[in-house]
Amino acid sequence: MDKIGGFLVPAIIGLILLFGFLKKVPLFDTFLSGAKEGMHATASILPALVGLITSVTMLKASGALDLFTAALQPVARFLGLPAEVMPLTLLRPISGSGSIALVDQILGQVGPDSFAGRVAAVMMGSTETTFYAVAVYYGAVGVKKMRHTIPSALAADVSSFLLSALVVRFLFYR
């Protein structure tokens, strides 16, 4: 399989180039045009990304994340969520890299086979970085009115947070 995989990507690229050549497409000009569009898309979403990264860094550095986590402990206990994953429920819709760092911290503290470790892993796999995705994708195409996108996506995230604890409990702790 390794030998096939090593040739698969170059073969596909070669087929695309061959197809373009046979169809008399100006390959280099088309490549440059696509690269130029990519640069414009990157430039258009850069302000949203800088703002998002700055706000996440400020949230963590100010201690506000710890304050929110402590305030939500009774709610977490009532909902059956382990206390260790509460920072993840707050940060996951905002930051993917921050969430990965939190999951690493959770797994280091309680272990990957613990209830909290398993719930954190399921949360990471079943949720999205909602605000990042909206900022990047809506910013790239110039959508200004998000209407129901954020509330719907956050409702899906909350559902995933709650169901992750239920599913882990059902599958591993019956």
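Me: Let us begin with burial: a residue is buried under 20% relative accessible area, exposed over 50% and partly exposed in between (1.4 Å probe, protein chains only). This is a predicted model, in which local features need pLDDT of at least 70, side-chain atom pairs count only at pLDDT 80 or more, and totals for chains, interfaces and linings use all residues. Residues are numbered from 1 along each chain as its sequence is written, while side-chain values use heavy atoms and leave out hydrogens and water. With that settled, is K24 buried or exposed?

Reply: K24 sits in the loop between α1 (2-22) and α2 (27-62), where helices are DSSP runs of H or I with at least four residues, and strands are runs of E with at least two, numbered from the N terminus. Its phi is positive, about 60°, although K24 is not a glycine. Because its relative accessibility is 72%, K24 counts as exposed.

Me: Which loop holds R147?

Reply: R147 is a residue other than glycine with a positive phi, near 50°. With a relative accessible area of 72%, R147 is exposed. Its place is in the loop between α8 (130-141) and α9.

Me: Happy to move on to T30; the backbone oxygen of which residue lies 2.7 Å from a polar atom of its side chain?

Reply: T30 is found in helix α2, and at 42% relative accessibility it counts as partly exposed. The C-alpha atoms of T30 and L81 are separated by 52 Å, with their positions 51 residues apart along the chain. A polar contact is a pair of N or O atoms within 3.5 Å; within protein, one must be able to donate a hydrogen and the other to accept it, and residues adjacent in sequence count only if both atoms are side-chain atoms. For the T30 side chain, the backbone oxygen at 2.7 Å belongs to P26.

Me: And T69: with which residues is it in contact, leaving aside its neighbours within four places in sequence?

Reply: T69 lies in helix α3 (residues 64-71), and it is buried because its relative accessible area is 8%. A polar atom of its side chain lies 2.7 Å from the backbone oxygen of L65. Contact means heavy atoms within 4.5 Å. Leaving aside its neighbours within four places in sequence, T69 touches M86, P87 and L90.

Me: At what distance does the side chain of S114 reach the backbone oxygen of V110?

Reply: S114 is found in the loop between α6 and α7. With a relative accessible area of 17%, S114 is buried. Its side chain reaches the backbone oxygen of V110 at 3.3 Å.

Me: Which side chains meet in a salt bridge?

Reply: A salt bridge is a side-chain nitrogen of Lys or Arg within 4 Å of a carboxyl oxygen of Asp or Glu. The structure holds one. One partner counts as exposed at 57% relative accessibility. At 3.8 Å from N to O, the side chains that meet are those of D113 and R118.

Me: How many Å apart are the end C-alpha atoms of helix α7?

Reply: The buried residues of α7 include A116, V119 and M123, and what covers its buried residues includes α5 (86-91), α6 (96-110) and α9. The expected span of a helix is 1.5 Å times one less than its number of residues. For the 12 residues of α7 (residues 115-126) that should be 16 Å, which agrees with the end C-alpha separation of 16 Å.

Me: Is I150 buried or exposed?

Reply: I150 is in helix α9 (residues 149-172). Leaving aside neighbours within four places in sequence, it is in contact with T130, F131 and V134. Since its relative accessible area is 18%, I150 is buried.

Me: Finally, which element gives the largest share of the lining of the largest pocket?

Reply: On a 1 Å grid over the protein atoms alone, a cavity is a set of points where a 1.4 Å probe fits but cannot get out, and a pocket is an open set with protein on both sides within 12 Å along at least five of seven lines; lining residues have an atom within 4 Å of a point. Grid points are joined across faces, edges and corners, and the volume, the space filled by probe spheres set on the points, is about 220 Å³ for the largest pocket. Its lining has 13 residues, of which M86, T89, L90, V158 and F161 lie nearest its centre. The largest share, five residues, comes from α9.
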